[in-house]
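Trainee: Could we go through this one together? I'd like to see how the labels follow from the values.
Mentor: Sure, let's have a look.

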Amino acid sequence: MTKPAPKVAAELASQYDPHAVEPRWVRRWAEAPFRADPASGKPPFTIVIPPPNVTGNLHLGHAFDNTIIDALIRFKRMQGFEALFQPGTDHAGISTQVQVERALAEEGIDRHALGREAFLARMWSWKERYGDIILEQLQRLGASADWSRTRFTMDEGLSRAVRTQFVELYHRGLVYRGERIVHWDPVSQTTLSDLEVDREERPGALYTLAYEIEGGPVDGRDAIEIATVRPETIFADVAVAVHPDDERFAPLVGRRVRIPLTERFVPVITDAAVEPDFGTGALKITPAHDPTDFEIGERHGLPRPSVIDRQARLTSELVPAPFRGLERFEGREAVVAALRASGALRDVRDYTVALGVSQRTKAPVEPLVSLQWFYDVRPAAQRVLAALDAGEIRIVPERYAKVNRDWLEAIRPWNISRQLWWGHRIPAWYAEDGTLVVPERDAPLRDPSDDPRYAGRELRQDPDVFDTWFSSNLWPFSTLGWPDERDPFYQRFYPTDVLVTGYDILFFWVARMQMAAYECTERAPFHTVMLHGLVLDAEGQKMSKSRGNGIDPLDVMDASGADALRFAMAYASTGGQDVRWDERRVEMGRAFANKLWNAARFALPHVTAGAGEAAEAAPAVRLADRWIRSRTARAVASVGEHLEAFDLGLAARSVYEAVWSEFCDWYLEAAKPALRAGDDGTRATLAASLTHFVQLLHPLMPFITSELWEALGHPGQVAASAWPSYDEGALDPAAEEDFAALQAAVSAVRQLRVEANLPPGQVLDVVVEGPAAAVVASDVAVFTALARARPLEALPPGASLARTLPACTVRLPLAGVVDVDAWRERQHKRLADARAALAKHERKLANERFVANAPEAVVAEERRRAEEAAATAASIEASLAALSA
């Protein structure tokens, strides 16, 4: 007698609709965020968000970062850690100011005409208007951050941290003002760090110029030839340098040569930095407009005249009048024409130039000598290198550890001042006599104007602001309260645990945080750095607006839901490699959500509310129940192991296989006979397995799992539930072996059904031989439910088809089921067609001209078709061979 169904835990819609489910959870987690409690007594686990630009929009890089971070945070929270996902945004000095200046330009307003204070008021208004957009987009992605602790790099607290850092470094002699050659962006009108400059290979020319020797020919030469890619800068030349061991120029060392188009003479000097094999072997020295020349000039005490101004125009009395005021590239054309006319241009040849380009404005940067603030980071880099040697910071993947080290070992002083208005203004003042005044070390927040020692003196604050990275390098600890080391969040959650970010900002941000942490807190900022790759387009190209190949994650979520996007991102996360965008992964995630939803809809009528809690105590007697409990235990171990190793790709694959194939495709079908019979053990097993799979999947797909957790009648949220513990006692190798044999028999029946061209719903009579026979005999109801077949004890007379697998041989009697002669005739015709197709493809591939000249993709497709035809022929041959008389 069939038992009545238990009380239904909840009712789910007939189809999963992420647009109905996800917004509810977004609102819930925004209004009641996952607050971290420093007094909880739980072990802490902290990840800080890589702060997105405050006025930016979510892109796939953010989605990748935050999918990984949130998965790790949710996993650790379920493991019993006091998990803090620290959110916030970056003021992004250059890019944000450029946005606002463009908006002002549309109104016909120039920031200089507006004035600094009024412009900053507009900046703050812009930030208040647009600053929350990206946070709302991250909430839509499902980021379980403590939104009550959202920070901004120009918050009052973080501004205190920046100022404290600067004052301390200044008084230690590590921050100073100096004239150095810098990267100047003529569009944004500010300096850039080395890391804010991209190197682009562009076609150019290498010009060979003749510098006439003063006093006449030497060794038969009337001039020394130099090669340059920038002839417009010759007016700032102060020397010509050759290598000290280059005998070709030995007679000229110490002589003077005339700069073409001028009457200025400069000395010929020697320096080991000159490459004898480059160009002619002689190098014009222009300290104001080339970093290498600057260093040579420093060694030789040479002057540094400049002939290009901050608008990138030729200027200075050293520039002949016809060229003054010309834009640098226009000036180059004019100077080259004059050099050709004068006879000083000896040769021009094509040359690929590695041009420095501003990341933000895309303008070619101009090397200029400028008085700037610098931070000598070399001592800090040595501290980080020692920490890396001691194993205090682990880089994942490990191959990036060498990249990290190499950059730290080759580091140079960092230009930290920017000629902007949006940012942390440098807390340095100048008196009327030029004296530099910086707040005292023990009172870094007190302005000199409030210091009695400077009463009555007129002080002018430095107009520059800090490089954005000079504030974001403090992010792991400034967001937790530093410099107030008594802050309970700083005491409890610092150092942080894991930093998740793209490998492309290893230098920009990661290394700078490492240095700042040891300088300011004398501790590592995090124990592990997990670097992921870039998200490229389907062709392997970097996504950009100019290429028009970008993918908007908001569009993806609109179409398929956040869980589908998160699954795609997690599934693609493998060992720091770049990821090619593939829409099929999103579809895979969407289909996976539907599969789980439908599985839950099937299960819910059979489980009582909260049934999973008591399920472990219920005995599992039936083979399918023992098997799924064992497989669930293995999935718990596997998914947990992969998440601990930060391998979301393997974790996603592991839970996908366990849920889709083992639980949905096999167990649910195998459990139906027992569920119809009202078996308590099967109901308990179903509840326990579904509960565990919802928990295992939660870090990757939080929305659907949260919805199903509630539907199952569990108290609280799945995010607050305990991560399933690995139950070694649930492992049942015998059940796994027996069920594998049953699966083999079922698979064999399904293959025979296809070969015989029989409908899926038709119940077949079969004979099972081999090890699987006993399993099938002991669990006929399950075999029949899965295979739609009845096992016979003996093979009846007549023709039959056979399928042999390692665990069994299954025979399908054809009498009364299939017209054997007609079937055999069809197979022979199919075989002839397949062999003909194979011969055609092989003839084409044997044509050497086709293989050599056809596009690679066409040849590959031809090979694929040949392999497909060969496989089809082999399969038909096997079917015919398996036909018994």
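**Helix contact and cavities**

Mentor: In this predicted model, H62, A63, N66 and T67 of α2 meet I134, L138 and L141 of α6. By class, that contact has four nonpolar, three polar and no charged residues.

Trainee: What makes α2 oblique to α6?

Mentor: Helix α2 (residues 60-78) and helix α6 (residues 133-141) pack at an angle of about 55°, and their axes are 11 Å apart. Roughly parallel needs an angle under 35 degrees, and roughly perpendicular runs from 65 to 115. The angle of about 55° fits neither, so α2 counts as oblique to α6.

Trainee: And which hand does the crossing of α2 and α6 have?

Mentor: That crossing is right-handed.

Trainee: How many cavities of 30 Å³ or more does the search find?

Mentor: Three, from a search of the whole structure. The largest has a volume of about 60 Å³, and the second largest about 40 Å³.

Trainee: Which helix gives the most to the lining of the largest cavity?

Mentor: That's α21, with four residues. Both α20 (623-644) and α21 (648-676) supply at least two each. The lining includes L623, A670, P673 and D779.

Trainee: How do you know which class D779 in that lining belongs to?

Mentor: Asp counts as charged, so D779 does too. By class, the lining of the largest cavity has seven nonpolar, one polar and three charged residues.

Trainee: What about the classes lining the second largest cavity?

Mentor: Six nonpolar, no polar and four charged residues. Among the residues lining that cavity are V437, E440, R446 and Y454. Tyr counts as nonpolar, so Y454 goes in that class.

Technical notes: Residues are numbered from 1 along each chain as its sequence is written. This is a predicted model: local features need pLDDT of at least 70, side-chain atom pairs count only at pLDDT 80 or more; totals for chains, interfaces and linings use all residues. Side-chain values use heavy atoms; hydrogens and water are left out. Axes are lines fitted to C-alpha atoms, for helices over the stretch in contact, and angles run from 0 to 180 degrees between N-to-C directions. Angles under 35 degrees count as roughly parallel, over 145 as roughly antiparallel, 65 to 115 as roughly perpendicular and the rest as oblique. A crossing is left-handed if the near helix is turned anticlockwise from the far one by less than a right angle, and right-handed if clockwise. Contact means heavy atoms within 4.5 Å. On a 1 Å grid over the protein atoms alone, a cavity is a set of points where a 1.4 Å probe fits but cannot get out, and a pocket is an open set with protein on both sides within 12 Å along at least five of seven lines; lining residues have an atom within 4 Å of a point. Grid points are joined across faces, edges and corners, and a volume is the space filled by probe spheres set on the points.
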